[in-house]
Amino acid sequence: MKEMTPLKKRKIHAGVRAGIQLMFFILMPSAFTTAFAGVKYIFVQLGNREPIEFNAFIKVLSVLLVYTAVFGRFFCGYACAFGSLGDAVRALYMSICKKMKKKPVAINETMNKLFIYVKYLVLLMIVFVSYKGMATSTKGMSPWDVFSMLRAGNIEMGAYIIGTVLLVLILIGMAICERFFCRFLCPMGAVFTLIPSIPYLSLRRTRTNCINGCSACKRVCPCNIELSDVSSIEISGECIQCGKCRGICPKQNVKRTLVPQNFELCFTIIRAAILVAILIWAGL
Ligand code: SF4
Ligand code: SF4
Ligand code: SF4
């Protein structure tokens, strides 16, 4: 049988990913807010000197953290509704630029390196506000809440002016920079980056096999990651497991140690199925 071309494989993988993203967007749009509500709940309880119960928020947060420790940030790459919204906005912007024959705006490398730490500040601020019991005074400021309300068809934004303005700014950021919110601002993303994951299930490369001067995998990466070598067990916490680096490599040099190359599509579907199962178990 004739082997599929790399371009066709890439298109199939992109189609499967878009299908999985759409499924999670429709069926489980609140997974990321529920998980982050778990983070806030922990600090509210600590601030109030009250016990932390294993409630619905903590359950979703726990299963997502354990899942991320095993499979990396597959949730971010395939299942988070806000991440998927960012991908859709970016795709729209790129297609408009292509139609108008305009060069897309790009963020330079130095800004990339600096902004990446902002999400930890956002996380710290939210943790502080939760711990001090000031969460109610920030009501109406969350762009996530506005997004959730819009998704639920609620367009009465009276008390959510700040959140709405922030959401519009974030959407502009998402258009001009792939995964802008995830890379620079998302407090849940900051939590995920701190979770170490099993390196043998993540994508790495054999550096000695690389083409001289090639950086295609880094350029296509939405998180601007330089892939680790197979000899290293360090995996970037920023990696959202999208698989774009694997698809673009002209030498098929980007692999998972424990997953055969021709099993990659099945592995994607298995990870999605496990994620659906555990989120349903957690009550979503
Ligand atoms: S970084 Fe945040 S917004 Fe982005 S995909 Fe992950 S949880 Fe969702
Ligand atoms: S695209 Fe492939 S060959 Fe090029 S740097 Fe990345 S892993 Fe190496
Ligand atoms: S392109 Fe590769 S390294 Fe970058 S986020 Fe996607 S899977 Fe991770």
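Colleague: How do the residues in the shell around ligand 2 divide by class?

Modeller: In this predicted model, the shell around ligand 2 has eight nonpolar, two polar and two charged residues.

Colleague: How do you know which residues around ligand 2 are charged and which are polar?

Modeller: Arg205 and Lys251 stand in the shell, and because Arg and Lys count as charged, these are the charged pair. Ser215 and Asn253 also surround ligand 2; Ser and Asn are neither in the nonpolar list nor in the charged one, so they count as polar. The nonpolar residues include Cys210, Cys214, Cys217 and Cys249, because Cys counts as nonpolar.

Colleague: How many charged residues does the shell around ligand 1 have?

Modeller: The shell around ligand 1 has no charged residues; eight are nonpolar and two are polar. Gly83 and Gly189 are among the residues around ligand 1, and Gly counts as polar, so these two make up the polar part. Phe32, Phe82, Phe181 and Met188 are among the others there. At least two residues of this shell come from each of α5 (81–99), α10 (180–184) and α11 (187–193).

Colleague: Which residues come nearest to ligand 3?

Modeller: Cys221, Cys239, Cys242, Lys244 and Cys245 come nearest, out of 13 residues around ligand 3. By class, that shell has 10 nonpolar, two polar and one charged residues. Lys counts as charged, so Lys244 is the one charged residue.

Colleague: Why is arginine 179 called buried or exposed?

Modeller: Arginine 179 has 24 other C-beta atoms within 10 Å; a residue is buried at 20 or more, so arginine 179 is buried. Arginine 179 lies in the loop between α9 (161–176) and α10, and has a positive phi of about 55° although it is not a glycine.

Colleague: What makes glutamine 241 buried or exposed?

Modeller: The count for glutamine 241 is 21 other C-beta atoms within 10 Å, and the cut-off is 20 or more, so glutamine 241 is buried. Its phi is also positive, near 60°. Glutamine 241 belongs to the loop between α12 (216–220) and α13 (244–248).

Colleague: How is asparagine 224 classed, and why?

Modeller: Asparagine 224 has 19 other C-beta atoms within 10 Å. Burial needs 20 or more and exposure 12 or fewer, so asparagine 224 is partly exposed. Its place is in the loop between α12 and α13. Setting aside neighbours within four places in sequence, asparagine 224 is in contact with Asn112 and Lys218.

Colleague: Why is leucine 124 called buried or exposed?

Modeller: Leucine 124 has 12 other C-beta atoms within 10 Å; the limit for an exposed residue is 12 or fewer, so leucine 124 is exposed. Leucine 124 sits in helix α7 (residues 118–131). From proline 187, leucine 124 is 63 residues apart in sequence and 8.4 Å apart in space, C-alpha to C-alpha.

Colleague: What makes glycine 72 count as buried or exposed?

Modeller: Glycine 72 has 27 C-beta neighbours inside 10 Å, and 20 or more suffice, so glycine 72 is buried. The residue lies in the loop between α3 and α4. Beyond four places in sequence, the contacts of glycine 72 include Ser197, Leu201, Cys239 and Gln241.

Colleague: How do you know how compact the protein chain is?

Modeller: The protein chain has 14 helices and two strands. Its radius of gyration is 19 Å, close to the 19 Å that the globule rule gives for 284 residues, so the protein chain is as compact as a globular protein of that length. Buried residues make up 35% of the 284 residues.

Colleague: Which residues have the most contacts inside the largest nonpolar core?

Modeller: Phe32, Ala35, Val60, Phe75, Cys80, Phe82 and Phe181 have the most contacts inside this core of 60 residues. Helix α3 (residues 56–71) gives the largest share, seven residues. Not counting residues up to four places away in sequence, valine 60 touches Ala31, Thr34, Ala35, Gly38, Leu279, Ala282 and Leu284.

Colleague: Where among the elements is the mean pLDDT lowest, and where highest?

Modeller: Helix α6 (residues 109–115) has the lowest mean, 82, and helix α4 (residues 74–79) the highest, 98. The protein chain averages a pLDDT of 93, and 99% of the residues score at least 70.

Key
Residues numbered from 1 in each chain as written. Chains lettered and ligands numbered in written order. Predicted model: local features only at pLDDT ≥ 70, side-chain atom pairs only at ≥ 80, totals over all residues. Near = placed C-beta within 6 Å. Helix = DSSP H or I, 4+ residues; strand = E, 2+ residues; numbered from the N terminus. pLDDT = per-residue confidence, 0-100. Rg over C-alpha atoms; globule rule 2.2 N^0.38 Å. Core = buried A, V, L, I, M, F, W, Y, C linked by C-beta atoms within 7 Å. Contact = placed C-beta atoms within 7 Å.
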